[in-house]
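Open your viewer and keep the sequence panel beside it. This tour tells you what to select next and what you will find there.

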Amino acid sequence: DDFLATMNVGKSQYEKGDAAVAVTSFEKAVQQQPTSIDARLDLANALLAAGQAEQVLPQTKQVLGMDPQSGAAHYLAGCAYLLLGQFQDGVKDLQQANDIDKTVNAVSFQLGIAYEGLKNYDEAITQWRETVEFDPEHPAAFYRLSQALMRKGETDEAQQMLTQRPGRSPR
């Protein structure tokens with residue numbers, strides 16, 4: 001089947017770190033099967049990785065038209081909005097992804113970034129606390145959490161976050 005072969009080529013290219021080339025393969029897969037949610041999500045993901053955030057949104061919109069409960073589509077749209085500096089739209093989509101499946105830690109992390117972009121540090125802190133609670137090996141979440149705590153003047157807790165963070169060598 002040409003469609004499956006095209007998808008496999010795209011996945012292989014993406015896994016090798018060549019998102020821009022994978023985009024071409026996934027675009028071909030979408031042409032072969034326009035109603036394939038997987039092909040559109042893979043294309044959106046590759047576009048995001050290739051730095052083409054504005055091109056992600058039409059793909060996620062198509063997926064959400066077919067499956068309004070697609071947490072992956074909401075997540076990818078939210079990440080695209082963050083890259084475009086559209087934090088309010090990012091919060092909306094990421095919150096929908098979070099409502100669909102609260103177990104995906106990446107959603108909480110990105111939601112924290114979206115709230116930070118809106119200068120809503122309390123909500124950002126809430127999201128990053130959740131991230132480190134469920135993934136204590138997430139150095140970026142520890143760092144962002146500590147920075148947000150410092151902005152709020154909670155320097156003792158911020159220092160504690162920095163000393164707890166993964167990858168830090170003990171003294």
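Of the chain's 171 residues, 43% count as buried. Buried means under 20% relative accessible area, exposed means over 50%, and partly exposed is in between, with a 1.4 Å probe and protein chains only. This is a predicted model, in which local features need pLDDT of at least 70, side-chain atom pairs count only at pLDDT 80 or more, and totals for chains, interfaces and linings use all residues. Residues are numbered from 1 along each chain as its sequence is written, and side-chain values use heavy atoms, with hydrogens and water left out.

**The whole chain**

Show the cartoon. The chain has 10 helices and zero strands. Helices (H or I, at least four residues) and strands (E, at least two) are DSSP runs, numbered from the N terminus. Read along the sequence, the pattern is α-α-α-α-α-α-α-α-α-α. Along the principal axes, the C-alpha atoms fill a box of roughly 60 × 35 × 25 Å. Now think about contacts, meaning heavy atoms within 4.5 Å. Among contacts with a separation of 6 or more, 42% are between residues 24 or more positions apart.

**Stop 1: helix 1**

Select Ala5, in helix 1 (residues 2–15). Ala5 is partly exposed, with a relative accessible area of 41%. Now add Ser25, which is 20 residues from Ala5 along the chain. Their C-alpha atoms are separated by 9.7 Å.

**Stop 2: the loop between helix 2 and helix 3**

Select Gln33. It sits in the loop between helix 2 (19–32) and helix 3 (37–49). Gln33 counts as partly exposed, at 32% relative accessibility. Add Phe3: Gln33 and Phe3 are 30 residues apart in sequence, but 7.2 Å apart in space, C-alpha to C-alpha.

Stay in this loop and pick Thr35. Is Thr35 buried or exposed? Thr35 counts as exposed, at 63% relative accessibility. Add Met66, which is 31 residues from Thr35 in sequence and 7.9 Å away in space, C-alpha to C-alpha.

**Stop 3: helix 3 and helix 5**

Select helix 3 together with helix 5 (residues 71–83). They pack at an angle of about 20 degrees, with their axes 10 Å apart. Axes are lines fitted to C-alpha atoms, for helices over the stretch in contact, and angles run from 0 to 180 degrees between N-to-C directions. Helix 3 and helix 5 are therefore roughly parallel to each other. Angles under 35 degrees count as roughly parallel, over 145 as roughly antiparallel, 65 to 115 as roughly perpendicular, and the rest as oblique.

The crossing of helix 3 and helix 5 is left-handed. That term applies if the near helix is turned anticlockwise from the far one by less than a right angle; a clockwise turn is right-handed. Show side chains next. Leu41, Ala44, Asn45 and Leu48 in helix 3 meet Ala72, Ala73, Leu76, Cys79, Ala80 and Leu83 in helix 5.

**Stop 4: helix 7 and the loop after it**

Select Asn105, in helix 7 (residues 105–117). Asn105 is buried, with a relative accessible area of 16%. What does Asn105 touch? Not counting residues up to four places away in sequence, Asn105 touches Glu130, Thr131, Phe134 and Asp135. Zoom in on Thr131: its backbone oxygen lies 3.0 Å from a polar atom of the Asn105 side chain.

Move on to Lys119, in the loop between helix 7 and helix 8 (121–134). Lys119 counts as exposed, at 61% relative accessibility. Check its backbone too. Phi of Lys119 is near 60 degrees, a positive value in a residue other than glycine.

**Stop 5: helix 9 and helix 10**

Select helix 10 (residues 155–164), where Ala158, Met161 and Leu162 are buried. Look down the axis of helix 10: its buried residues fall within an arc of 95 degrees, so they line one face of the helix. The arc is that of the directions from the helix axis to the C-beta atoms.

What do the buried residues of helix 10 pack against? They pack against helix 9 (139–151). Helix 9 and helix 10 pack at an angle of about 165 degrees, with axes 8 Å apart. That makes helix 9 roughly antiparallel to helix 10. Helix 9 passes helix 10 in a left-handed crossing.

Finish with the side chains here. Phe142, Tyr143, Leu145, Ser146, Leu149 and Met150 in helix 9 meet Glu157, Ala158, Gln159, Met161, Leu162 and Gln164 in helix 10.

Technical notes:
A polar contact is a pair of N or O atoms within 3.5 Å; within protein, one must be able to donate a hydrogen and the other to accept it, and residues adjacent in sequence count only if both atoms are side-chain atoms.
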